[in-house]
Amino acid sequence: CVIGAGYVGLVTAAGLAERGREVRVVEVDPERRAAVAAGRSPIHEPGLDGLLGVVVGSGRLRAVETMSEGVAGAGVVIVAVGTPPTPEGAADLSQVLQAVDEAVHHAAPGAVVAIKSTVPPGTTRALTRDSRRDDITFVMFPEFLREGSALEDLRNPSRVVVGGEDGAAVQRVAALLGGPDTPRLLCDSVSAELIKYGSN
C-alpha cells in the first residue's frame with residue numbers, strides 16, 4: 001500500500017507494480033484518484049503515463065479512497081504524503097501524522113510502515129513510540145527521485161537507504177527496490193532521516 005498519489009507516491013507505486021507487486025494507492029483527492037484509476041498520470045513525469053496504463057490495466061495497481069481498503073492485508077505500507085514548510089520553516093507533519101494514525105488503525109499484524117515523506121530526525125522513532133502497537137514496525141525509507149528522471153531513478157537507484165531499529169523489517173523494505181548490484185545502506189532510522197536531509 002502506498003499512501004498518497006503525489007509525485008513520490010505515484011512514481012513509487014507504479015515502479016513497484018512494474019516489478020510485479022500488487023499495489024494499492026490511497027488518495028483522498030477525487031480528481032487525482034480518478035485519473036490514476038483510469039491509468040492516467042495526474043502529474044507530468046516522462047514515461048509515467050504509459051507505465052500507469054500498463055500496471056492499472058493489468059490490475060497490479062489500484063487507486064482507492066479509504067485507508068481500510070488500501071491497508072487491508074498489505075505487508076508494507078509506504079507513507080508518501082507531503083511535509084510542506086510552515087511559515088517558521090519547520091516541516092508540517094500533520095499529513096504524515098494523520099496518515100500514520102489511520103494506517104496503524106487498519107494495519108495487519110506484522111505489517112511494516114515505511115516513512116517515505118521527508119521528516120526531521122527522530123520522527124520515525126517518535127511514530128513507533130506513539131503508535132501503541134507492538135505487532136507492527138516502522139522504518140525510514142527516504143526517496144532520491146529527480147524530476148524528469150524519476151522512473152529511471154526508481155528502476156536503477158544509485159542507492160537504497162532504509163533505516164530502522166528492527167533488522168528484519170529493514171531488510172524486507174530494502175528488498176523492494178534495486179537489483180543485486182544496487183548499493184544498500186541499512187542503518188537506524190535517525191541516520192536515514194539525516195541522510196535524506198543531507199542529500200537534499
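Which residues of H9 are buried? I began my notebook with this point.

**Entry 1: the model and its conventions.** I noted that the model is predicted, that local features need pLDDT of at least 70 and side-chain atom pairs pLDDT 80 or more, while totals for chains, interfaces and linings use all residues. Residues are numbered from 1 along each chain as its sequence is written, and side-chain values use heavy atoms, with hydrogens and water left out.

**Entry 2: helix H9.** I recorded that Ser189, Val190, Ala192, Glu193 and Lys196 are the buried residues in H9. Buried means under 20% relative accessible area, exposed means over 50%, and partly exposed lies in between (1.4 Å probe, protein chains only). Helices (H or I, at least four residues) and strands (E, at least two) are DSSP runs, numbered from the N terminus. The buried residues of H9 cover an arc of only 165° around the axis, which puts them on the same side of the helix. The arc is that of the directions from the helix axis to the C-beta atoms. I then looked up the packing partners: these buried residues pack against H6, S6, S7 and S8. Contact here means heavy atoms within 4.5 Å. At the N-terminal end of H9, aspartate 188 acts as the cap, with a side-chain oxygen 3.1 Å from the backbone nitrogen of valine 190. A polar contact is a pair of N or O atoms within 3.5 Å; within protein, one must be able to donate a hydrogen and the other to accept it, and residues adjacent in sequence count only if both atoms are side-chain atoms.

**Entry 3: glutamate 193.** I looked more closely at this residue of helix H9. Its relative accessible area is 0%, so glutamate 193 counts as buried. Leaving aside neighbours within four places in sequence, I found glutamate 193 in contact with Val119, Pro120, Pro121, Gly122, Thr123, Thr124 and Met140. A polar atom of its side chain lies 3.5 Å from the backbone nitrogen of threonine 123.

**Entry 4: helix H6.** Threonine 123 led me to helix H6 (residues 123-131), where Thr123, Thr124, Leu127 and Ser131 are buried. Seen down the axis of H6, these residues fall within an arc of 100°, so they line one face of the helix. I recalled the general rule that an α-helix has 3.6 residues a turn, so residues three or four places apart point the same way. The cover over the buried residues of H6 includes helix H5 (94-106), strand S5 (112-115), strand S6 (137-140) and helix H9 (189-199). After H6 comes arginine 132, whose phi is positive, near 60°.

**Entry 5: the sheet.** How many strands does the open sheet have, and in what order? I counted 8 strands, in the order S3-S2-S1-S4-S5-S6-S7-S8, with mixed pairing. Two strands pair if DSSP finds at least two bridges between them. Strand S3 (61-64) and strand S8 (184-187) stand at the edges with a single partner strand each, so one side of each is left without a neighbour in the sheet. Helix H1 (residues 7-18) packs on the sheet and touches S1, strand S2 (23-26), S3 and S4; its direction makes about 165° with that of S2. Axes are lines fitted to C-alpha atoms, for helices over the stretch in contact, and angles run from 0 to 180 degrees between N-to-C directions. I also noted that S1 (residues 2-3) and S4 (residues 76-79) pair in the parallel sense over 2 bridges, with isoleucine 3 opposite valine 79.

**Entry 6: strand S7.** Is S7 mostly covered or mostly uncovered? I found it mostly covered, with 5 of its 5 residues buried. Val160, Val162 and Gly164 are buried on one side, and Val161 and Gly163 on the other. S7 pairs with S6 in the antiparallel sense over 2 bridges, and 4 bridges join S7 to S8, which run parallel. Valine 139 stands opposite glycine 164, and valine 162 opposite leucine 186 in S8.

**Entry 7: helix H8.** In H8 (residues 167-174), I listed Ala169, Val170, Val173 and Ala174 as buried. These residues fall within an arc of 130° seen down the axis, so they line one face of H8. Their cover includes S4, S5, S6, S7 (160-164) and S8. Aspartate 166 caps the N-terminal end of H8, where a side-chain oxygen lies 3.1 Å from the backbone nitrogen of alanine 168.
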